Amino acid sequence: ELILWFQNRSPLMGFRALITVGPTHEPIDAVRFIGNRSSGRQGVAIAEELARRGAIVDLIAGPIEQSTDHPAIQRRDVETAMEIHTAAMDALRANQPDVIIGTAAVSDVRPSKPVEGKTAKVNLPDHIELTQNPDILASLNALAPDHCFKVGFALAHDDGVEAAIQKREQKRCDLVVLNSLADKGAGFGHTTNRVS
């Protein structure tokens, strides 16, 4: 009876999830960066709920303020897109997840030649050459086990449905969750959200 009680309380026991959360900070110099307003709240909430239901969660977190304290969440904190990419690929290879959830708002680009140290205001460049970051979710999904369920997130400024459908196909997702900035209380910087 004790085993049945734990099974009922933990329906995802033996289940493994890989989740990326938060923004990335792409350094211009030691103090300046390219980034976005992602808080990581949504991804952390998903990770905590999966862990509460018995799953083991590999959480790859960009620079976020949210804490996680569930013992089933194995968290790795990183800063840049390249670091998220490396950490997520390592977790994928080591643990063969049952689900991949890409909530991270990864910067599309990074400065090609970040400056070491802090650049004086008078020496700031007139332009910054940018390099494309890897498509982390597409890379993960391409190598995911056949049984793995793959979830992506899309943020749009309008209704975004067509873009979300394209993203689902391009990134080999089974599901894309759409957030629209057109919805009041949705998008970065809110404690509420609405999704399609």
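Start with helix α4, where Ile-136, Leu-137, Ala-138, Leu-140 and Asn-141 are buried. This is a predicted model, so read every distance below as computed from predicted coordinates. What lies over those buried α4 residues? The cover includes strand β1 (16-21), helix α3, strand β6 (99-102) and strand β9. At its N-terminal end, α4 is capped by Asp-135, which has a side-chain oxygen 3.5 Å from the backbone nitrogen of Leu-137.

Now step back to the whole chain for a moment. You'll find five helices and ten strands in it. The chain has 196 residues, and 41% of them count as buried. Take the contacts between residues at least 6 apart in sequence: 64% of these join residues at least 24 apart. As for the outside, the chain exposes about 11500 Å², with carbon and sulfur atoms supplying 51% of that area.

Back inside, Leu-140 of α4 turns up again, this time in the largest nonpolar core. That core has 23 residues, and the members touching the most others are Leu-18, Ile-60, Ile-84, Leu-92, Ile-100 and Leu-140. Which elements give two or more residues to this core? They are α3, α4 (136-143), β9 and β10. Helix α3 gives the most, with seven residues.

Ile-60 is a good place to look around. Setting aside neighbours within four places in sequence, Ile-60 is in contact with Leu-18, Ile-19, Thr-20 and Val-21, and also with Arg-76, Val-78, Ile-84, Ala-87 and Ala-88. There is also a second, separate core, made of 19 residues, and Val-44, Ala-72, Ile-101 and Val-177 are among them.

On to the charged side chains. Side chains of opposite charge can pair when their charged atoms come close. With a cut-off of 4 Å between nitrogen and oxygen, the count here is eight salt bridges. Three of the pairs are worth a visit.

Arg-76, already met as a contact of Ile-60, pairs with Asp-90 at 3.9 Å, N to O. Asp-90 sits in helix α3 (residues 81-95) and Arg-76 in strand β5 (residues 73-77), so this salt bridge ties together parts that are 14 residues apart in sequence. Are these two buried or exposed? Asp-90 is partly exposed, at 38% relative accessible area, and Arg-76 is partly exposed too, at 40%.

Asp-174 and Lys-150 make another pair, their closest N and O atoms lying 3.6 Å apart. Here Asp-174 is in the loop between α5 (161-170) and β10 (175-180), while Lys-150 belongs to strand β9 (residues 149-156), so the bridge ties together parts 24 residues apart in sequence. Asp-174 is partly exposed, with a relative accessible area of 39%, whereas Lys-150 is buried, at 12%. Elsewhere, salt bridges that share partners join Glu-49, Arg-52 and Arg-53 into one network.

Within that network, Arg-52 bridges to Glu-49 with the closest N and O atoms 2.5 Å apart. Both residues lie in helix α2 (residues 41-52), three residues apart, or about one turn of the helix. An α-helix has 3.6 residues a turn, so residues three or four places apart point the same way. Arg-52 is partly exposed, with a relative accessible area of 48%, and Glu-49 is partly exposed at 29%.

Key:
Residues are numbered from 1 along each chain as its sequence is written. This is a predicted model: local features need pLDDT of at least 70, side-chain atom pairs count only at pLDDT 80 or more; totals for chains, interfaces and linings use all residues. Side-chain values use heavy atoms; hydrogens and water are left out. A salt bridge is a side-chain nitrogen of Lys or Arg within 4 Å of a carboxyl oxygen of Asp or Glu. Helices (H or I, at least four residues) and strands (E, at least two) are DSSP runs, numbered from the N terminus. Buried means under 20% relative accessible area, exposed over 50%, partly exposed in between (1.4 Å probe, protein chains only). A nonpolar core is a set of buried Ala, Val, Leu, Ile, Met, Phe, Trp, Tyr and Cys residues joined through side-chain atoms within 4.5 Å. Contact means heavy atoms within 4.5 Å. Accessible areas come from the Shrake-Rupley method with a 1.4 Å probe; for residues, only the protein chains shown count as cover. A polar contact is a pair of N or O atoms within 3.5 Å; within protein, one must be able to donate a hydrogen and the other to accept it, and residues adjacent in sequence count only if both atoms are side-chain atoms.
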